[in-house]
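The following exercises are to be worked through with the sequence and the coordinates at hand. Each task is followed by a solution in steps.

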Amino acid sequence: MRRSTIVDNAKETVELDISALYHQYWESLFKQMMRILLDEDEAADVVQQTFLDLLEMKEKIPEIKSVKSFLFIMGRNLAFKKLRRKLVNDTYRDFYASQYKEASSLIEEWIVFKELDDLIEKEIGKLPNKMKEIFILSRHAEMSYSEIAKKLNISDKTVKKQISNALKLIRLKVDKDYQPLLLAILLTDLLF
Amino acid sequence: MNKDEQLKKVLLDYAAGHLSARETKKLEHLILKYPSGESWDWKDSSHKEAMKYRIQARIEAHNNTKAKIRRINIRIAVSIAAALVCFFIFFYLYLIPGPTDTFYTVAQSKSYSSDKVVLILPDGKQFQLKDTASFAHLRSELGLQMKSLGLENNITVSVPGQKQFKLTLEDGTKVWLNGGSTLKFSSDLYKQTAREVLLDGEAYFEVASDKIHPFHVFGGGAEVKVTGTKFNVQAFESDHFVRTSLVEGIVTFRMDHKTYKLSPGMEVIADTEQKDVSSQSFDIDKLLSWKAGYFVFDNIELVDVMKAVSRWYNISVVAKSPIKNKKIGGTFPKNVPLIDFLNDLTLLSGVEFKINGKEVQIIN
């Protein structure tokens, strides 16, 4: 998704043209925030904050590969943070729960996810020790292969191999209980 | 548990932070996949344009404030350095021979002719007022001359400390005056081409809409121009400070031939001596808490807290040594005796105070 946007060629445009970015993205960002928050004022707050955060990062902009992705990820994170704070309140929680379109599909998919997730957790517990350690670092601590390699003082290659073996083992176990079709949809989502 | 209950339970776990990072990610993914609500869209193009402009204005305002603060910081550093040099010279020349108790003034009390709200006529005659008054009634009651007295502000309303006052002008404009404020205006304000008032202190205005006769508030060396709107002004002549906060409508702030247009929820803060202007968003409830009878301090410097306290209780505030960066946050009722207020402030800040007649000493 690294299409060239205005500032993707950041080397040329060191000066970040925030107003051009705003014109280009504000509306789609706003609509995305509305989907999450259902409130114009709150969506507006998030859009505002997202652009301000972007400005704050101005100096680091050449390192951001896609300003567009940055805006949307930042915005989404802020919106979900806001949503979480609202969901603490019973009234808001009831409101949002009633608002989710296809709420039953949402919860059904969630239940399947939870079941599989629990199953995978159980299988991870049965992995050989070293493999388990590496796999958990990758899955739970979300460390990269090279980070894990550094931490455990082993080669990147070993890490890669151990993880791929772990995946194979888990897949084998889980396949027995679940239809492969379902797995194809969910496993990538679950394991990473 | 049915699906509806299950969904609520998951949302609660999510809100309470009981989900793992992976579960959180999955749920957020599902929320985006099955979004909520009817598909939302703009009502019309002006709805969209208004929103676009509104967010953009706020981004720009914030961005400018940040740049401003950086500049102000440098200025503060320079002033601190200068102050230190002065202090050491002073210390060397005067204090070494025999140290005596010297205080410097943080805030100065004012002298009021009365402890009541008064209306003062150009000839010096004074009339006591209650909590609220309408100028039209006053005119008939006091038999004020109807003849034009020119553009100068020839009627004065003075509100001493610990009092608040609501005045309805003849054009229907409502003005709430905070304690320690004066408002001057022409006796035939409503006939002038421009409705002009002069403020020293704090006031909240609900200006009656009249596009032909714009309403101007002058104070602290700046000017606020409106047609019909709700806004709060703090104009402290002695502090060279003007803060204009817009609640509703449109306001133009002007200082030294430069104008700044405010949108609701934004405020302009001006230092009329340093010629410095910055803008930011504000919390309406906190700002207007004074009308409801509270001080709301939102992490502000003790010096500024004491200035507000000085205005309300009409006391001078002095300190032995400069008050170091001490931030105060909290809500305090204004209708309590000074001693109770200071006791609360001590509890909160650890700073001790001593009351000496109309003077409060800050003892660190």
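**Exercise 1. Describe the hairpin formed by S14(B) and S15(B).**

Solution. The model is a predicted one. Begin with the turn: two residues lie between S14(B) and S15(B), and Asp256(B), located there, has a positive phi of about 50°. Next, establish the pairing: S14 (residues 251-255) and S15 (residues 258-262) of chain B are antiparallel, with five bridges. Finally, locate a facing pair: Met255(B) is placed opposite Lys258(B) of S15(B).

**Exercise 2. Determine the strand order of the open four-stranded sheet in chain B, and state which strands stand at the edges.**

Solution. The order is S1-S19-S22-S21 in chain B, and the pairing is mixed. Because S1 (104-107) and S21 (352-356) of chain B have a single partner strand each, one side of each lacks a neighbour in the sheet, and these two are the edges. On average, neighbouring strands are turned by 30° against each other, direction ignored.

Now examine one pair. S21(B) and S22(B) (residues 359-363) run antiparallel and are joined by five bridges; within S22(B), Ile362(B) is the bridge partner of Phe353(B).

Then add the helices. H7(B) (residues 302-313) lies across S1 and S19 of chain B, at about 70° to S1(B). H8(B) (residues 338-349) lies across S21 and S22 of chain B, and its angle to S21(B) is about 165°.

**Exercise 3. Identify the residues with the most contacts inside the largest nonpolar core.**

Solution. This core comprises 44 residues, and those with the most contacts inside it are Val175(B), Leu177(B), Leu183(B), Ala203(B), Phe205(B), Val233(B) and Phe253(B). By element, strand S9(B) (residues 195-206) contributes the most, with five residues. Taking Val175(B) and setting aside neighbours within four places in sequence, one finds contacts with Leu167(B), Leu169(B), Leu183(B), Ala203(B) and Phe205(B). A second, separate core has 33 residues, among them Leu37(A), Ala43(A), Leu54(A) and Leu83(A).

**Exercise 4. Characterise the side of chain B that touches chain A.**

Solution. Count the participants: 30 residues come from chain B and 34 residues from chain A. Assign them to elements: H1 (3-16), H2 (21-33) and H3 (45-95) of chain B each supply at least two residues of this side of chain B, and H1(B) gives the most, with 10 residues. Classify this side of chain B: 16 residues are nonpolar, six polar and eight charged.

As a last step, consider confidence. Chain A has a mean pLDDT of 79, with 78% of its residues at 70 or more. Over residues 1-15 of chain A, pLDDT stays under 50. Where pLDDT is low, predicted coordinates should not be read in detail.

Note on methods: Residues are numbered from 1 along each chain as its sequence is written. Chains are lettered from A and ligands numbered from 1 in the order in which they are written. This is a predicted model: local features need pLDDT of at least 70, side-chain atom pairs count only at pLDDT 80 or more; totals for chains, interfaces and linings use all residues. Ala, Val, Leu, Ile, Met, Phe, Trp, Tyr, Cys and Pro count as nonpolar, Asp, Glu, Lys and Arg as charged, and the others, Gly among them, as polar. A nonpolar core is a set of buried Ala, Val, Leu, Ile, Met, Phe, Trp, Tyr and Cys residues joined through C-beta atoms within 7 Å. A residue is buried if 20 or more other C-beta atoms lie within 10 Å of its own, exposed if 12 or fewer, and partly exposed in between; C-beta atoms are placed from the backbone. Two residues are in contact if their C-beta atoms, placed from the backbone, lie within 7 Å. Two strands pair if DSSP finds at least two bridges between them. pLDDT is the predictor's confidence in each residue, from 0 to 100. Axes are lines fitted to C-alpha atoms, for helices over the stretch in contact, and angles run from 0 to 180 degrees between N-to-C directions.
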